[in-house]
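Me: I've got a model open and a pile of terms I'd like unpacked. Can we go through them one by one?

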Amino acid sequence: MIETIATASLAVNENLNIQKRRIANGKSRKRLSLVTGTHGDELEGQYLAYMIGSYLNENIGHLDGIVDIYPALNPMGIDSITRGVPLFDLDMNRVFPGSKDGTMIEMICASIVDDIAGSDVCVDIHSSNIFLKEIPQIRMSVPTAPALLPYAKMMNVDFVWIHESATVLESTLAHTLNTRGTKTLVVEMGVGMRITKEYCRQLFDGILNLMKELGMWSGETATVREPIVSEGREVGFVNSDAAGIFVPCADFGDTVNEGDHIGDVVDPLTSNVVEKVEAVCSGMIFTLREYPVVYGGSLLARILQPSEGGAEE
């Protein structure tokens, strides 16, 4: 069943409609919400929404509960290939919780929050931007970690990044829902404006496993991986000192030592290597530059340092 959960009038007799698809079966009222399309340049979640929806169509008898799929919270952004809400120059994920008495986008955001609230778990799916590629990971704040980490470990991601609370924006959908009692996991994976099928498949297996753990799914599930958790660890940021073209020689998931060669910044005009990029610390690379043009200060990689014991989990 497709429902319109929020609508607003636009110019030329058009409407902005935010829609969801509800897939329900059985007697259980357990509810899982899958949310994506908050940023118009993040498309991994679009394909994942298709994968989950089509699989449930074919295997509805194994579902005992409700799955709500919100494929496009920002449909105008997706249509125009822009991160924010076009015409308003707004990042939608900086407007929550919104307001019923506010601007058009604030009213839309308030309706979205009201509709998702009460879910047993919400999975908020994002991609990286066009510049960086991320391994499948879940991010959460320190205060929410005790409640969310057990669910994150069910999701078949490679990495769980627990941020200090000061880095968490209170105007995001996830923060709003978590503070209102709806457990919300933020997934980051892949790269902007692209679909990484293997990452979508990895998270697809994780979502089915989560549904199984919630008692909503009786069908087959794949064995999920145990994620590396950042708790008690530092993250090293590798930034460029020079302008040019970044050519990595390391890859995602690689374990490196401090000082290891992980790439070069080259100058196409002089044919010189203008910077030999080295790891700033030892650990696992979980973010790597995707868009090769860089300037001084451009982020090239993130490295998760080992635990205090010195070995990776």
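Reply: Sure, starting with helix 1: its buried residues pack against strand 2 (15-25), strand 3, strand 4, strand 5, strand 8 and helix 6. Packing here rests on contact, meaning heavy atoms within 4.5 Å. Helices (H or I, at least four residues) and strands (E, at least two) are DSSP runs, numbered from the N terminus. Keep in mind that this is a predicted model, where local features need pLDDT of at least 70, side-chain atom pairs count only at pLDDT 80 or more, and totals for chains, interfaces and linings use all residues. Residues are numbered from 1 along each chain as its sequence is written, and side-chain values use heavy atoms, with hydrogens and water left out.

Me: Which residues of helix 1 are called buried, and what makes them so?

Reply: They are Glu44, Gly45, Leu48, Ala49, Met51, Ile52, Gly53 and Leu56. Buried means under 20% relative accessible area, exposed is over 50%, and partly exposed is in between (1.4 Å probe, protein chains only).

Me: How do you know that the span of helix 1 agrees with its number of residues?

Reply: The expected span is 1.5 Å times one less than the number of residues. For the 15 residues of helix 1 that gives 21 Å, and the end C-alpha atoms are 22 Å apart, so the two agree. Helix 6 (residues 197-213) can be checked in this way too: it has 17 residues and reaches 24 Å from first C-alpha to last, close to the 24 Å expected.

Me: Why is helix 6 called largely enclosed?

Reply: Because twelve of its 17 residues are buried. Among them are Tyr199, Cys200, Phe204, Asp205, Asn209 and Met211. Just after helix 6 comes Gly215, with a positive phi of about 80°.

Me: Why does Ile78 count as buried?

Reply: Its relative accessibility is 19%, so Ile78 falls in the buried class. Ile78 lies in helix 2 (residues 75-80) and touches Gly37, Gly40, Gln46, Pro71 and Ala72, leaving out residues up to four places away in sequence. Ile78 and Glu42 are 36 residues apart in sequence, yet 8.1 Å apart in space, C-alpha to C-alpha.

Me: And Ser171, which sits in a loop: buried or exposed?

Reply: Buried, because its relative accessibility is 18%. The loop in question runs between strand 7 and helix 5. Beyond its neighbours within four places in sequence, Ser171 is in contact with Asn93, Arg94, Val95 and Phe96.

Me: What makes something a cavity and not a pocket?

Reply: Both are found on a 1 Å grid over the protein atoms alone: in a cavity a 1.4 Å probe fits but cannot get out, while a pocket is an open set with protein on both sides within 12 Å along at least five of seven lines. Lining residues have an atom within 4 Å of a point. Grid points are joined across faces, edges and corners, and a volume is the space filled by probe spheres set on the points. The structure holds one cavity of 30 Å³ or more, with about 40 Å³ of space.

Me: What does the lining of the largest cavity look like by class?

Reply: It has seven nonpolar, two polar and no charged residues. Ala, Val, Leu, Ile, Met, Phe, Trp, Tyr, Cys and Pro count as nonpolar, Asp, Glu, Lys and Arg as charged, and the others, Gly among them, as polar. The lining includes Leu34, Thr36, Gly45 and Tyr70, and helix 1 gives the most, three residues.

Me: How much space lies in the largest pocket, and what lines it?

Reply: About 690 Å³, lined by 30 residues, of which Arg94, Arg139, Thr172, Val186 and Glu188 lie nearest its centre. By class, the lining has seven nonpolar, 15 polar and eight charged residues. Strand 6 gives the most, with five residues.

Me: Why are strands 14 and 16 said to stand at the edges of their sheet?

Reply: Two strands pair if DSSP finds at least two bridges between them. The open sheet has four strands in the order 14-13-11-16, with antiparallel pairing. Strand 14 (272-278) and strand 16 (293-294) each have a single partner strand, so one side of each is left without a neighbour in the sheet. Strand 13 (residues 261-267) and strand 14 pair over six bridges, and Asp267 stands opposite Asn272 in strand 14.
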